[in-house]
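Work through the exercises below with the sequence and the coordinates at hand, and try each task before you read its solution.

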Amino acid sequence: MGARKKPVSDGFEVHPNDNTKMRCTLCFTFSPHSKASHYQKRGDSTALRHCSTETHVQNLAKQVEQLEKEAKQQQSYAGSFQLTKGMDMLEEPQIPSFVSSSENYISNVVPELVLNDLQSPVPFDPAREKEDIQFQFEQIILKEILSGSGEESEDASETNIIEILHNLGFEDNELEGDDSLFNLAASFEPVGAYAPYPSKLMMLLDIMDNLPRLRLSTTHFKLIIWLLKEAGVLNVPSYYAFHQMQSELQKAIGCEPKPFTSMLGNHFHVNDLKVAVQRNFSNPHISPHLNFYPEETDGPISEVWQCERWKEYSPSQHTPMYSSGGKQFYIDEVAQLHDNHFVLPISWIKWGGIICADAHTVTQGIDGNWVKASNVNSILAAHFKFNYPDIITLRNGLPMTWNDPHAIPVMPHPSRKLFPDGYDLYDVFYTLWVDDVSGYRSKQYNKHINMYTVNSNLPGHLIQQEYFVQFISISPNATSPEQFAAVKEIINETHVKPIHCFNAHTKRMCGVRVHVPGLPGDNPQQAEEASHSGGNSNLLCRKCDAGGTHEVTESNSGFHSSYTTGVARSAAQTRDRLVQQLKAATLGVKSTVIDLQRSTGTKDKVAQYWIDILLEKSQKMKHENPNRTAEEISIELETWLENQLSCPDRNPTNPSTSPH
């Protein structure tokens, strides 16, 4: 049953053919051709918002001015300044139903007309009139909040918020609405001040709706919108219009996950890591904290770029360029210093927080050929003046000839061809890790494999915050190697086509390449990535052959051996064991494969995929032709498997990749 319609507020009239609409008689009288005179949605909240519009306030001022003129005419007719009973003939202004007394309303709006004694008429003051109207409006809002509106609920224990809003006069068409998305900015807000949001209110509501630790239900959010409207806040959107705005923003600037299908046939989605990189660089609060060069320090190590791990990478893998004044100084390119000396930088590094270059001195011989000195000097980055393109330009395009050209790298640096001229180049390190979590909200455990990452180029005090942890992917079926393979495609693509970003710190465009310094994980995860069957297997260590069957571990020698280091596992040994398992699977005997896995502790996810297929094919071929021997079937299946594993990424025994 729909909500019962209440009488419209004083000063409004209902549409003759549609009782869901009403219009302001005051605005229709003084500005019949304006938008304010049109029929609007029926309701007290609509009336309250209408009374706060600029057009209505102006029309109210016009009515007050008209009353004042009529009062002066009455005074002139009387021939004196004394007010007569002719004042009773004045038509009172249309007063909303929120106002308890029209006498109070007139006394506030036209205080000059309420005179007890003979006095001169007070001149009309627009500024004072505006203050009076503003005061009256505040009184209307205060009275509305304190007194409430609508009929009382028949059930005193009513807890349905939507029903309560209906009882308060908050109608269905106001809850849903069809507000225009681009007519919400307040008149006093500069256009685009809160872009891409239409207004400041839209921005604040969107922040409230996306608080990670304070999720709001739909009912709660509708209640907040209703409260804002009832409090007289201007340009409050409807719930429908707000979510439509969110959808438009998501389409315009959001990031859609990329679908992937693993080699095992599992489907999952991955958030594009390139978008996370672009957001870090374009954020003016984050980009100043990004560090791109390894650092030598005499004090305690507090950041990842001060560790030896960063120094294991070649100089070309951690930002081979230094940018200054719009010029890019690359390693392996000749540069000129401010003292006119020439150098060949081989790496960029920080010393005490200051960027320096390890460089060879370059001199020109008598014969005109250039010679590179063998010694390496440390030079401040601030001393560099001209880069290699500048030098070639100063030489009128003539290349530099070298005394020993085989010892000189290719110039200009090959990385310059990866992006437009003038772009800077940066290398960032993203640490990936995977963990298993429950995908259910209930207490029942449902395993899902999650992948996350952080930008290692940020200082430690930032990456410890939840904001900087980036979610990558999740799947109940796809294992961590399958998800790593998808992320690997995205990362490798950045080495060929660097990510184009705007650096908010330097105010310049740049290209970014992504590297993964390591793949840490907990013990079960590391065991899976090392082609090991896990800590519950007989040979429980993924690094050595410690352990054994119950008979071995319960013996005296086996018990004592558990306290010593076993023989280390090797990639070649693991690869040979996987080949044996695949060979056994072609014979169609599952128990043989299981015995090999238990006796060695070696079990690979990718190999297991092919083992299951081979076992099924072998049994099917034997059933179709019982006269065929196991050796004949095995030879045919081995040939088939070689064709399937021609792609290196699908081959668990590929010599070029380590199963560890």
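The exercises go from the sheets to a hairpin and then to a single residue.

This is a predicted model, in which local features need pLDDT of at least 70 and side-chain atom pairs count only at pLDDT 80 or more, while totals for chains, interfaces and linings use all residues. Residues are numbered from 1 along each chain as its sequence is written, and side-chain values use heavy atoms, with hydrogens and water left out.

**Exercise 1.** Determine the strand order of the open sheet of seven strands, and identify its edges.

*Solution.* Begin with the elements: helices (H or I, at least four residues) and strands (E, at least two) are DSSP runs, numbered from the N terminus, and two strands pair if DSSP finds at least two bridges between them. The order that results is 4-5-16-15-14-18-17, and the pairing is mixed. Next, consider the ends: strand 4 (258–261) and strand 17 (499–503) each have a single partner strand, so one side of each lacks a neighbour in the sheet. On average, neighbouring strands of this sheet are turned by 30° against each other, direction ignored. Inside the sheet, strand 14 (residues 424–438) and strand 15 (residues 447–455) run antiparallel and are joined by nine bridges, with Ser-438 opposite Lys-447.

**Exercise 2.** Find the angle at which helix 15 runs to strand 18, and the angle at which helix 11 runs to strand 17.

*Solution.* Axes are lines fitted to C-alpha atoms, for helices over the stretch in contact (heavy atoms within 4.5 Å), and angles run from 0 to 180 degrees between N-to-C directions. Helix 15 (residues 480–496) runs at about 145° to strand 18, whereas helix 11 (residues 273–282) runs at about 20° to strand 17.

**Exercise 3.** Describe the hairpin of strand 7 and strand 8.

*Solution.* Strand 7 (residues 321–324) pairs with strand 8 (residues 327–330) in the antiparallel sense over four bridges, and Met-321 stands opposite Tyr-330. Two residues lie between the strands, and Gly-325 takes a positive phi near 60°.

**Exercise 4.** Decide whether Gln-336 counts as buried or exposed, and list its contacts.

*Solution.* First locate the residue: Gln-336 belongs to strand 9 (residues 335–337). Its relative accessibility is 10%, and therefore Gln-336 counts as buried, where buried means under 20% relative accessible area, exposed over 50% and partly exposed in between (1.4 Å probe, protein chains only). Leaving aside neighbours within four places in sequence, Gln-336 is in contact with His-341, Phe-342, Phe-384, Lys-385, Phe-386 and Ile-391.
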